[in-house]
Every structure is written in structure tokens, then in C-alpha cells.
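This report describes one protein chain, from its overall make-up down to single residues. Keep the sequence and the structure in view while reading.

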Amino acid sequence: RVRLARIRCVLESVRCFRDGLPLPEPLCYVPREVAYMSVHQGDCAGPPDSKGPQPSSPLPGDGVWDRPGPSSQAPATPPPRMVVPLALSEGALVRASGEQYCDGTGAWAKVLQPELRKLGCPSDMEEGWVLLYRPDDHRMAFVPVPHDATARMQTFSIDRYTVCRFWKRAVDASYCLQQGCRPPLAVCDSAAVEKMRLAPKGWNLQCDEDLAQFLLSFSKKESENLDNAKLYVKKIDASHKPSKNSVKNITDDDPATYWATDNSEAWLCLHMKPGAIIQKMFLRHLTNDDNRVGQVTVLGGQTMDSLKEVNHVVIANDARDVCLLANACVHYPLVKIHLQSGSRFNNIQINTLQMKCSFIPLPPMSLSAFEPPKLALFPRLARFSPDFLCQRSIAIYRFVNLFEEVMPYVLPSWEYSNGSFSDFQSVKNLLALSSERDMFIDSALTRNLPLSTTSTTAHITVDRTAALRHRKNPHADPHYRNSVVAQVYRALQEYEQKEFLDYRWKPSESQWWSCDFTLEGMNDAGGGQRECLSDIAEELCPSDPYCPVPVPFFLRMLGRSTGGQESCVYVPNPDCRDLYMFTWIGKIMGAALRGANILILCLPALVWKQLVGETVTWSDFRSVDETLARSLRSLEEAADEAAFAQLFGEELTYATTLSSGRTVELVPGGVWVRVHYGDRLRYARLVQEARLCESRQQVEAIRKGIFSVVPQHIVNLLTWQEMERIVSGEAEITMDVLKRSITSVMDNGEARMKCLFEALSNFSNEDRRLFLRFVTGRSRPPITIQVMQSSMDSNKSDVLPETSLCSNTLILPNYSSAKVCEEKLHFAMYNCTTVDRD
């Protein structure tokens, strides 16, 4: 009954977000009164680098203040004034409003009028505030008193429900279908509820999507600044206590130390400090096949006998930092972490445990997060007040939290993968805030789905020499028989006839097939297949904007010049009728979604949105044909017939040219029908419809291939940005990414690594792309690279670096300077493009 109630609330919330209506009242419920209890944290010091609060700044529980603040948005505002000092003992109660006010100082609550008198405030004092929690001072805080202490009602000698004071219980009470009286709701704060429910004029779904993107980017920055676990944990027990690698190593801030066990299963038990509520908890472990963690179950409770599962995480093959728990609503005195090995040797190795905690259930954001400089990338949001944005963010987080609870029950299962996701399609970008959604996707792709039953890896042969000749003169072979795309397709099709192959490789299977290159030396253990995928991507969407496109599946559309070079994107060719090839390309994209490899396709948002089922608009087309977009804008803005005739004359007819160069009629006989000034808006609409739908058949064929490998409801959960990043990798290769991806396996190799990173810092993004291709066989992250020295190491500056594609290893000579290292890498990347086992 409760589950159905929450599903009804989620569906109604979706309609409200989509249509711009006031949000449901139960979702925005705020009680008028909450009792907060003081909890002393004398043994809890601040972070090591924290300066701590200034003496003149408000502290939790030190007094009643005339107003909250000062907010970081108004530095000129005078600081708050303490009206009455307080000396609260452990367990003292303060009754305040349910609405919290969060700013740069911390979390505040407005004390109720009767409580002000009890605390000795002046009788003419209209409002007073108490600081509940301060992030940089953990000596004392206020935590809400549990609401279950309310006396039960007796109706027909049957125990009824307690009075509901929490917003989720308000949802349950309002949406449950049951006989008899409903559970009573505590009196709500009507003003606070209306402030959260109603949106000002001009607010729409696009604004909600922008706010969700801002919250997502903000939460990522916050997660990068986590604290040491020992700040919030009194002690840690472990299932295994090795003499060398102690459990203390996971909280010593030293990335070189770790806790390890040679058992396939282990556990850690965290004894949390009083009142600490986990906002984020991250685990860092090794991602190699010898020591990685496969699955984690997190349990919480008051005692060891009352522990209940609060989260389960299936860890992707290349995930180094894993979020174990986020946005907990209650304090767990005990948190037990069950670890299950995912390595081939059944070993477990943990480097670091980090977390961020609060001592009350804080709202997700504070007013300080919405300062104008932080909203520079979101101009739609800058027009609205920080107070409204903060309240709206709370409502969005509540909606996402409800969706997480009902997600397994509202999404279609694999057996019914054609089921509808239309109810949630309009709010997909809001759901990106859900950490449970990411875990659900990972779980669906790694467990519970049928996988390939092949017992052996497909072995194929590719003639890259013939493919290179074809690239130079594609017109000589219009059926592209010698292209790498066609060769791999034919080889896998022959293999499918011999043995079942469904392209659903496991994420741990980095090698999908074994590849031999004609006239090249290759013992393929993964590197050859990555080279093969890179060649396929280069044929489908060449990175060089001036070379011919060797296969007819995608068309190049040149965009604006960036950095002196023409940027280009590719769209499906509307005139290509080899739909079976588009379906096969979709299967490879689906395998990239499931597995550890990528297929780099330079597609515009127009195509990615269609692949994940999002609605496309004319603004998405501007990156494809900006000239046409400007022309239609000039047509629509023509002031009068004279201006229209001056711009377009009498040559404009009801026809348009597609990306392939083919002319299509917008109306029957349209090439002979002239467009008049009064019909210009109709003509613009017809052109937009024709161009947006020109490749619909090809896109549907790609989607068919993707859905044969990945369940449709999983694809529908992704935003188009996530789809692009997972399938094609990160387009921008920064030094931070390289430093995280490259590790040394050399003794005393600090100087050599410093030389390498200095050389890479001078590379352009294209050079870094070629560097990754040279070392690993693929040109975009995520990837891991090991650097080692040669067995015959020398200080000769004329030695070129070597690579082992299959193991992602760079064999780096000991160069005399970063300049020499840069020159040798540059020469090798651009000139050593074939594979030789010697």
C-alpha cells in the first residue's frame, strides 16, 4: 500500500514538473514544529586544514540570535546579534519551526514564539533563531527528536498510526487507498509549503533541468572534497587483522598504504560518533584484476543484532572511487560494510575510506551555493532569487528520493524490454541526480541479464593495408568491401553462424574478440581489438575534417572554426539504405554501454538525443547546419514583404536540401510552389520538420541494435550526455585525467614520471589523443596506463619509447629532459602506427 502511494505521488510530481503546475502538497510538507535535542561532540575535532570558527561567529547552541547569517551573498549586511545567551546541557530540547535556513554559516531554525519566552527572550521579540549545525565546528549540534514518541490513536480497539511529521509519511498518508480514517498529519507550516510548491512566473521544465545540472555539478565538486573517515568514526573493526597492512591504513591519508586480506569476503564495522549522519561515503580500491572489490553491501543500525541493509553496490571494472552511501536521513551508530572480492585471486585491497557527515539532516543545498558567479553557466537560473532556488532544489531532491524507492517497480523488466518509459521521459534530466539510478544501471548491466554463452573468444583477421588503400580512394570500392568496418562485420557474422553471439559481453571482459592484422605482427591480448575499434570509429567518423569518409553510413557536417581548425560532426546518411549495418553499429554501441571498451563517434546532440528517446528541437540542429538555421531565423524575422523579397527574391520554393544533398518537396509539387511572405512561418516549420526527421530510419535501426544488447529502459534512463560519455569516452583529455590514468611501476622513477608529465602538459588535445592511441590502442579515456623502464635501460637520447598495447604499458627511456621526451613521443606517435611483435 505504501509503495503504491509513493508511485502515485511520483507520477503526479512528473506531471507537475512537465506542465509547470504547483507541486503536490505532501511532497513539499514542512511541519510547523520540530523538537531539536542538543548533542555534544567534544571528542570531534575539525578537519586538519580547518581554521575553525572565529570567536565572534555564531556557534551551535550558544544563544538565540535576532536573525540568521551573515549570508555570504550579502557581505555588507551587519552580523547577527545574540539576544539571549544559552548554556544548554546534553539532551536539552529546543522547539523550532520545521523549515531550515542554510547559508554560509550553517543550518538555522526559527525558534517558536512560546519557546522564546521559556528561553528568556524579551516579550516584544518577534522572531529568534538558533544555529543547529556548523560545518567547520563539530563540538555541539542539534538533532531532531524521533517523531515516533507520539501517542497512538485508538479506533475500534485497533492501534492506528502515529501523528505524521515527516514529509514521506505525509506522502503515504495522503496517497494511500485504505478504509477508515487516515493517519493524522501534524500541523504544517503553510507558508513554507507554499514557498516550496509554487514557482514564480517564467519558471518551466527547462529551468528545472538547468537546476538539476547545476546541483549535479555542485555535488561532484563537493564529493571531491571529502574528509578523512576518522573525523566522524570513533573506531573501526575488521574481519581480518593482518600484522602488516592494518585497518588503520585506510584512514592515514597515505595513498601508498592499504588494508588487505586474501579472503574472498570481508567486512569493516564503523562505530560512528554520536549524531553523525552520512552525507557521502566513498571507498577507494585497486582496479586491477588481482585485488579489486566486486560488490559491497552497506548495513546500518543501533546494534549488531538490528543491522539492516541500506545499500548494495556492484562495482564496475574500472571504477576506482566508489560511492557506498549518499544522503542518509538518519544517524546509524553502527555501519557495517560487507566486501566481496571481484578479483581472479579472491583478494581484497582497500586504500582509503572517506566521507562527509552532518549532525542533522541538512537540506541538500544552502543559499551560499547560489551566488551569482556560480550561476554563470546557467543564465536561466540567474533571474531567480537564491531563496527560491534553494527551496526548489529541496523539492527536486525529494522527488528524486521517492523515485529511487519505487524505481525497480515502475521500470519494465528485461523480458518486457519494449515497455514504456514515457511517464518519466520528460523528467529524465532530473533523475540524473539519483545515485541509486546509477547503481541500478550498473546492476542491470552486470547482473540479472542473459550474457553471451560463447565459451571461446571470436578470432578474426583484418587486412589494414587494404583498408588504408580504400580510405585514400573510397570511390574505387563503392561497396566498401575492404574497409575495416566491412571486414569485421563479415567475420563476426560468420562466427555468429557457428556459435551463439549476442554482443552482451561482461564489463570485466575487456577483449571482445581476438584480432590478427595481415602483414603485421600481433599476439592479441586486447590491444589488437582496441586498435580494431579505433579503426572502425575512424572510418565511421574520421577525425580529420578534410579526408574523404570511407564508408557511407555517416555524413560530415562542418561547423564553426575552433582554435584555427574546422570542427565537424557526423549525422546518419538519410540516403544509405544498408539498415542492417546501422543495426550492427548499434550492437557495437550497446556493447560499449555494457563493457570496458569505447567506440568514438563524433555525433551531435541531435543524434544522441534521438538514441536515448529525448525530444529534439530546432536548437539542437544548429550545430549540424548553422547556415540553414541563420537563414530561417532571417526569414522569420523579415519585417515586411520588401525585406523578404530583398533577402529571398522569388526563388524560394517549398523544397529543401537534406544533409546528403538530395532535394525533397515539403508539399506535393513543392519545387514549383513559390513561398510568399505570409507563408514564411509555415515554410520554416516544414523545413524544420523535414530536417529533424531526415535520418529517422537510420536512427531507429541503430536503436534496434542497441536494444538487442542493452534493455530499453536502461537506455531511456540515461541522458544524452551520459550516453555520449559512456559510448565514446571523454572528448577533453586534461592533465588531471592523465595523472589519474598513468601510474609508474618503476623503482625510483619519480624523475622519469615528472619528465613525462611535463612533456604531456605541452601537448594539444589532439596530441594527447594520439598518445593514448599509441600506448593503448584507443584515443579517449577512461583508460589505465603503466609506465616501466626497459630491461636494457640506458641514458641514450636517440632511443624511441615503446609500447605494449595489450597491457597498456609505456616503456619509457631515461631522457635527459622533458623537451627530449616530448620530441621522441611526438615522433613515435605520428610515425609508428603499425603493430610489430618484435
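Two residues are in contact when heavy atoms of theirs lie within 4.5 Å. The model discussed here is predicted.

Contact of this kind describes how helix H3 (residues 167–175) is placed. The buried residues of H3 pack against helix H1 (2–19) and helix H6 (386–410). H3 is mostly covered, with seven of its nine residues buried. These are Trp 167, Lys 168, Ala 170, Val 171, Asp 172, Ala 173 and Tyr 175.

For the chain as a whole, the secondary structure comes to 25 helices and 29 strands. The chain has 838 residues, and buried residues make up 53% of them. About 39,300 Å² is exposed, and carbon and sulfur atoms supply 50% of that area. Of the contacts between residues at least 6 apart in sequence, 72% join residues at least 24 apart.

Two packed helices are described by the angle between their axes and the distance between the axes. Helix H23 (residues 750–761) and helix H25 (residues 818–831) have axes that come within 8 Å and cross at roughly 65°. The crossing of H23 and H25 is right-handed. H23 contributes Cys 755, Leu 756, Glu 758 and Ala 759 to the contact, while H25 contributes Ala 818, Cys 821, Glu 822 and Leu 825. By type, the residues of this contact divide into six nonpolar, no polar and two charged.

Most residues other than glycine have a negative phi. Tyr 480 has a positive phi, near 45°, and Leu 519, which is not a glycine, has a positive phi of about 65°. The table gives the loop and the relative accessibility of each.

| Residue | Phi | Loop between | Relative accessibility |
|---|---|---|---|
| Tyr 480 | near 45° | helix H10 (464–472) and helix H11 (484–498) | 8% |
| Leu 519 | about 65° | strand S21 (513–517) and helix H12 (527–540) | 78% |

Is each of these residues buried or exposed? A residue is buried under 20% relative accessible area and exposed over 50%. Tyr 480 therefore counts as buried, because its relative accessibility is 8%. Leu 519 counts as exposed, because its relative accessibility is 78%.

A last residue to look at is Gln 425, which is found in helix H7 (residues 422–425). A polar atom of the Gln 425 side chain lies 3.0 Å from the backbone oxygen of Gly 613. Leaving aside residues up to four places away in sequence, Gln 425 touches Val 612, Gly 613, Glu 614 and Asn 716.

Terms used:
Residues are numbered from 1 along each chain as its sequence is written. This is a predicted model: local features need pLDDT of at least 70, side-chain atom pairs count only at pLDDT 80 or more; totals for chains, interfaces and linings use all residues. Side-chain values use heavy atoms; hydrogens and water are left out. Helices (H or I, at least four residues) and strands (E, at least two) are DSSP runs, numbered from the N terminus. A polar contact is a pair of N or O atoms within 3.5 Å; within protein, one must be able to donate a hydrogen and the other to accept it, and residues adjacent in sequence count only if both atoms are side-chain atoms. Buried means under 20% relative accessible area, exposed over 50%, partly exposed in between (1.4 Å probe, protein chains only). Accessible areas come from the Shrake-Rupley method with a 1.4 Å probe; for residues, only the protein chains shown count as cover. Axes are lines fitted to C-alpha atoms, for helices over the stretch in contact, and angles run from 0 to 180 degrees between N-to-C directions. A crossing is left-handed if the near helix is turned anticlockwise from the far one by less than a right angle, and right-handed if clockwise. Ala, Val, Leu, Ile, Met, Phe, Trp, Tyr, Cys and Pro count as nonpolar, Asp, Glu, Lys and Arg as charged, and the others, Gly among them, as polar.
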